[in-house]
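Student: I should like to learn how to read the features of a protein model. May we work through one example together?

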Amino acid sequence: GRTDLATRRLRPDAEGVASAAALLREGGLVAFPTETVYGLGADAGDGRAVAGIYAAKGRPSFNPLIVHVADAEAAGRIVEVTPLARELMAAFWPGPLTLVLRSREGAAVSPLVMAGLPTVALRAPAHPVARALLEAVGRPLAAPSANPSGRVSPTTADHVLAGLGGRIAAVLDGGACAVGVESTILALEPEPRLLRAGGLPVEALEQALGQRIAVDTDPARVAAPGQMASHYAPKGSVRLNAVAAEPGEVMLGFGPVGGELTLSASGDLREAAASLFGCLHRLDAMGAGRIAVAPVPETGLGRAINDRLRRAAAPRS
Ligand code: TXA
Ligand code: MG
C-alpha cells in the first residue's frame with residue numbers, strides 16, 4: 001500500500017547498507033535488524049533526528065534511548081568505562097547486553113537520548129547487518145525498538161512496516177531476529193542492578209561477576225523509565241499461567257500445554273523467546289480478543305519471556 005511506498009525496504013547487502021547509512025547521516029530514521037529485535041535508528045548526535053524517533057514512536061520524552069556502538073572503544077568516547085564495565089564488554093559484546101554508565105563530559109550524544117539522566121545506556125549489537133551499518137555510518141546510533149510506543153516489539157521487517165510504515169525513511173530487511181527478546185539491561189553504579197531481563201540470561205552475568213545481581217525492575221522506579229507496567233501490549237486481553245483455554249479465548253501454548261499457537265512445542269526457551277513477539281503480532285492479526293498463555297519457567301530466557309508476558313497482561317492506561 002501507500003505506506004510501504006513511503007518507507008523504503010532495503011536489502012541487507014552492501015548497497016542497502018550504504019543507502020541506509022546515507023539516510024542516517026542526513027538525519028533520517030532507519031529501522032535495522034539486531035539479534036534481539038529491530039531498532040529504530042537515528043544519528044545519536046543529531047538532536048532533530050533523535051526527536052524524530054520520539055515523534056515516530058509516540059514515545060514519552062522522559063523515556064531514554066539505547067545508544068548502539070561498534071565496540072568498547074566507541075563506548076569509551078560516550079561514557080566512563082569502569083574496570084567492571086570493561087570486563088563485561090570483553091565477555092559479552094557484541095551481544096544482547098546493554099550497560100548503563102555515567103556519561104562523559106562533551107560526549108557527542110544529544111541530551112534528548114538521555115532524557116535528563118546522568119547516564120547513557122549502551123550496547124554493541126552482534127547482528128552482522130547492524131555491525132555493517134554502524135561501520136558505514138561511523139557514528140553511534142540511538143535506537144529503541146522499532147514499534148509504536150507500548151505495542152509489541154518487531155522481530156521482522158514486516159512487523160516494522162505494519163507499525164511504523166509511512167513514518168520512517170526506510171527499513172533494512174535482515175529477516176527474522178534470532179534472539180527475539182530485547183537486550184538485558186544492567187546498571188553498574190553504585191553496584192550492579194538488573195533493570196530489564198533480556199536476551200542474555202542473568203545467570204550468565206552472575207557467573208561472570210561471581211555474585212548475585214540485585215533485580216530492580218519495579219515499574220514504578222524512575223531509574224528505568226521504560227519499564228512501564230503496560231508495554232508489549234497486543235490488542236487482546238492476556239491471561240497468564242493458563243493450562244487450558246476458556247470459551248472465547250485463543251490459547252498460546254508452551255511445551256506440553258498446546259494451543260492454536262505455541263511458543264515452543266518442545267518447551268525450548270530459546271525457541272520460545274525467538275517466537276514470542278511473532279506470536280503476539282499474529283494474535284493481533286487474527287483479531288484475538290482474549291488470549292490465554294501457558295506457564296513458562298522462570299529461568300534463563302524464561303525470565304525475559306515472563307517479563308514481557310506480564311507487561312502484556314498488565315492493565316492498560
Ligand atoms: O535489544 C534492545 O535493547 C533493543 C534493540 C533495538 O537494541 N532496543 C530496545 O530499546 O529495546 P527500547 O527503547 O525499546 O528500550 C530501552 C530501555 C528502556 O526501558 C529505557 O527506559 C531504558 O532502556 N534506558 C535507556 N537509557 C537508560 C538509562 N540511562 N538508565 C536506565 N534505563 C535506560
Ligand atoms: Mg521497546
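Student: Is Asp43 buried or exposed, judging by its relative accessibility?

Tutor: Please keep in mind that this is a predicted model. The term buried applies under 20% relative accessible area. Asp43 has 7% relative accessibility and therefore counts as buried.

Student: With which residue does the side chain of Asp43 meet in a salt bridge?

Tutor: A salt bridge requires a side-chain nitrogen of Lys or Arg within 4 Å of a carboxyl oxygen of Asp or Glu. The partner of Asp43 is Arg139, with 2.7 Å from N to O. Asp43 belongs to strand 3 (residues 39-43), while Arg139 lies in the loop between helix 7 (128-137) and strand 7 (141-142), so the pair ties together parts that are 96 residues apart in sequence. Unlike the buried Asp43, Arg139 is partly exposed, with a relative accessible area of 30%.

Student: How many salt bridges does a search of the whole structure find?

Tutor: The search finds 15. One of them joins the side chains of Asp173 and Arg9, at 2.9 Å from N to O. Arg9 is in strand 1 (residues 8-10) and Asp173 is in the loop between strand 8 (170-172) and strand 9 (184-187), so this salt bridge connects parts that are 164 residues apart in sequence. Asp173 is partly exposed, at a relative accessible area of 23%, and Arg9 also counts as partly exposed, at 41% relative accessibility.

Student: Which residue forms a salt bridge with Glu246?

Tutor: That residue is Arg290, and the closest N and O atoms are 3.9 Å apart. This pair, too, links distant parts of the chain: Arg290 is in strand 15 and Glu246 is in the loop between strand 12 and strand 13, 44 residues apart. Arg290 has a relative accessible area of 36% and is partly exposed; Glu246, at 40% relative accessibility, counts as partly exposed.

Student: Which residues are linked in a network of salt bridges?

Tutor: Glu182, Asp307, Arg308 and Arg311 form such a network. Among the buried residues of helix 11 are Asp307, Arg308 and Arg311, which leads us to that helix.

Student: How should I read a helix, and what does helix 11 reach from its first C-alpha to its last?

Tutor: An α-helix has 3.6 residues a turn, so residues three or four places apart point the same way. Helix 11 (residues 301-313) has 13 residues and reaches 19 Å, close to the expected 18 Å. The helix is largely enclosed by the rest of the structure, because 10 of its 13 residues are buried. The buried residues include Leu301, Ala304, Ile305 and Leu309. Their cover includes strand 10 (193-196), strand 12, helix 10 (269-286) and strand 15 (290-293).

Student: How does one read a sheet, and what is the order of the open sheet of four strands?

Tutor: Strands of a sheet pair through backbone hydrogen bonds, either parallel or antiparallel. In this open sheet the order is 12-15-13-14, and the pairing is parallel. Strand 12 (237-239) and strand 14 (261-262) are the edge strands, each pairing on one side only. Strand 13 (residues 250-253) runs parallel to strand 14 and is joined to it by two bridges. Gly253 stands opposite Thr262 in strand 14.

Student: Why is the sulfur of Cys279 not bonded to that of Cys177?

Tutor: A disulfide requires two cysteine sulfur atoms within 2.5 Å. The sulfur of Cys177 is the closest cysteine sulfur to that of Cys279, yet it is 14 Å away, too far for a bond. The count for the structure is zero disulfides. Both cysteines are nevertheless buried: Cys177 has 6% relative accessibility and Cys279 has 4%.

Student: Finally, how many helices and strands make up the secondary structure of the protein?

Tutor: The secondary structure comes to 11 helices and 15 strands. The radius of gyration is 19 Å, close to the 20 Å that the globule rule gives for 317 residues, so the protein is as compact as a globular protein of that length. Along its principal axes the C-alpha trace spans about 60 × 50 × 35 Å. Of the 317 residues, 54% count as buried.

How values were computed: Residues numbered from 1 in each chain as written. Chains lettered and ligands numbered in written order. Predicted model: local features only at pLDDT ≥ 70, side-chain atom pairs only at ≥ 80, totals over all residues. Heavy atoms only, no water. Pairing = 2+ DSSP bridges. Expected span 1.5 Å × (residues − 1). Buried < 20%, exposed > 50% of the residue type's maximum accessible area, 1.4 Å probe, protein only. Contact = heavy atoms within 4.5 Å. Rg over C-alpha atoms; globule rule 2.2 N^0.38 Å.
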